[in-house]
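Me: I'd like to learn how to read a model like this one, feature by feature. Could you walk me through it?

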Amino acid sequence: MNSSNPPTARQSVFRAVDIAKIYQMGEVQVHALRGVSVELYEGEFVVLLGASGSGKSTLLNILGGLDAPSSGTVHYLDRELTASDPSQLTRYRRDNVGFVFQFYNLIPSLTARENVELITEIATEPMDALDALDLVGLKDRSDHFPAQLSGGEQQRVAIARAIAKNPKVLLCDEPTGALDVQTGIVVLQAIGQINQQLGTTTAVITHNAEIAKMADRVILLSDGHIAGIERNSTKVAAQDLRW
Ligand SMILES: Nc1ncnc2c1ncn2[C@@H]1O[C@H](COP(=O)(O)OP(=O)(O)OP(=O)(O)O)[C@@H](O)[C@H]1O
Ligand SMILES: [Mg+2]
């Protein structure tokens with residue numbers, strides 16, 4: 001893939017225009033987002049980078065239909081998420097979005113394969129659960145329970161679960177936040193491979209500037225604003241990152 005393609009050559013998957021998010025905490029208003037406009041393009045790998053409290057999770061949750069902005073508009077392809085009711089948002093998430101969070105949230109009493117099948121059973125065009133586990137290098141551990149897997153392996157099962165429904169977009173909120181460097185790199189390799197092999201539009205939140213080197217574009221958030229968007233002229237493979 002040629003990462004120097006101008007973004008305008010690609011279809012816009014998300015288009016957020018001037019979104020703000022204000023949390024009312026009693027007397028106090030918390031401005032989590034203060035007028036963010038951004039587009040994400042088909043098939044790209046974007047890293048959202050910024051300090052704690054800068055609004056990264058708030059932005060990702062709004063794109064993923066888990067939360068709604070206080071003002072502004074968000075489109076996913078032709079669909080206006082900000083004009084959707086809760087049941088439409090649920091359907092949007094189920095059909096289009098894979099989520100990966102810092103904590104894996106696997107069901108302890110189910111095997112890796114069964115954890116993935118929970119999702120493939122309700123999806124419209126799922127891949128086979130074993131194929132999804134194969135993509136993250138865990139096909140041979142499919143009958144193991146979460147307690148029999150390391151943290152990094154559990155996170156890879158969570159990634160398999162997120163992508164098994166063949167989502168158009170994969171949204172990851174600090175997927176390596178609970179992992180050591182070497183394990184984090186294996187998890188990032190799995191995410192990068194899904195982006196490249198399946199063309200899944202991917203956004204990864206991190207505090208870690210090193211991880212930004214594997215992105216096509218890096219969106220810098222600061223105090224609820226976009227402080228900058230940088231395009232990497234070369235992408236560094238996950239296995240070559242060090243922190
Ligand atoms: N449910 C909520 N109620 C009140 N304030 C909130 C809520 N969620 C987030 N905030 C506030 O909004 C701001 C942005 O939070 P957000 O979680 O988006 O930051 P972040 O960049 O993801 O931070 P971190 O790196 O620590 O996860 C913070 O000041 C936070 O305290
Ligand atoms: Mg966060």
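Reply: We'll go through salt bridges, a hairpin, pockets, a cavity and the core in turn. First the ground rules: this is a predicted model, so local features need pLDDT of at least 70 and side-chain atom pairs count only at pLDDT 80 or more, while totals for chains, interfaces and linings use all residues. Residues are numbered from 1 along each chain as its sequence is written, chains are lettered from A and ligands numbered from 1 in the order in which they are written, and side-chain values use heavy atoms, with hydrogens and water left out.

Me: Fine. How many salt bridges does the structure hold?

Reply: A salt bridge here is a side-chain nitrogen of Lys or Arg within 4 Å of a carboxyl oxygen of Asp or Glu. The structure holds eight of them. One of these pairs Asp 67 with Lys 21, with the closest N and O atoms 3.1 Å apart. Asp 67 lies in the loop between α1 (56–63) and β4 (71–76) and Lys 21 in strand β1 (residues 12–25), so the pair ties together parts that are 46 residues apart in sequence. Those element names come from DSSP runs, numbered from the N terminus: helices are H or I with at least four residues, strands are E with at least two.

Me: Are Asp 67 and Lys 21 buried, exposed or partly exposed?

Reply: The scale is relative accessible area: buried is under 20%, exposed is over 50%, and partly exposed is in between (1.4 Å probe, protein chains only). Asp 67 is partly exposed at 24%, whereas Lys 21 is buried at 9%.

Me: Which residue does Asp 223 bridge to?

Reply: Asp 223 forms a salt bridge with Arg 34, and their closest N and O atoms are 3.8 Å apart. This pair links distant parts of the chain, 189 residues apart: Asp 223 sits in the loop between β9 (217–222) and β10 (225–231), Arg 34 in strand β2 (residues 28–41). Asp 223 is partly exposed at 46%, and Arg 34 is partly exposed at 36%.

Me: And what about Lys 235 and Asp 216?

Reply: Their side chains meet in a salt bridge at 3.0 Å, N to O. Lys 235 is in the segment after β10 and Asp 216 in the loop between β8 (201–206) and β9, 19 residues apart. Lys 235 is partly exposed with 26%, while Asp 216 is buried with 2%.

Me: β9 and β10 keep turning up. How do they run?

Reply: Two strands pair if DSSP finds at least two bridges between them. Here six bridges join β9 to β10, and the two run antiparallel. Leu 220, for instance, has Gly 228 in β10 as its bridge partner. The two strands form a hairpin with two residues between them, and Asp 223 in the turn has a positive phi of about 50 degrees.

Me: On to the holes. What volume does the largest pocket have?

Reply: Everything is done on a 1 Å grid over the protein atoms alone: a cavity is a set of points where a 1.4 Å probe fits but cannot get out, a pocket is an open set with protein on both sides within 12 Å along at least five of seven lines, and lining residues have an atom within 4 Å of a point. Grid points are joined across faces, edges and corners, and a volume is the space filled by probe spheres set on the points. The largest pocket holds about 350 Å³. Of its 17 lining residues, the closest to its centre are Arg 93, Val 97, Phe 99, Ile 119 and Lys 165. The largest share of that lining, four residues, comes from β6.

Me: Which residues line the second largest cavity?

Reply: The search finds two cavities of 30 Å³ or more, and the second largest has about 40 Å³. Its lining is Ile 62, Gly 65, Asp 67, Ala 68, Pro 69, Leu 81, Thr 82 and Leu 89. Asp 67 is the residue that also bridges to Lys 21.

Me: Last one: how many residues does the largest nonpolar core have?

Reply: A nonpolar core is a set of buried Ala, Val, Leu, Ile, Met, Phe, Trp, Tyr and Cys residues joined through side-chain atoms within 4.5 Å. The largest one has 39 residues, and those with the most contacts inside it are Val 47, Val 116, Val 157, Leu 170 and Ile 191. Helix α5 gives the most to this core, with six residues.
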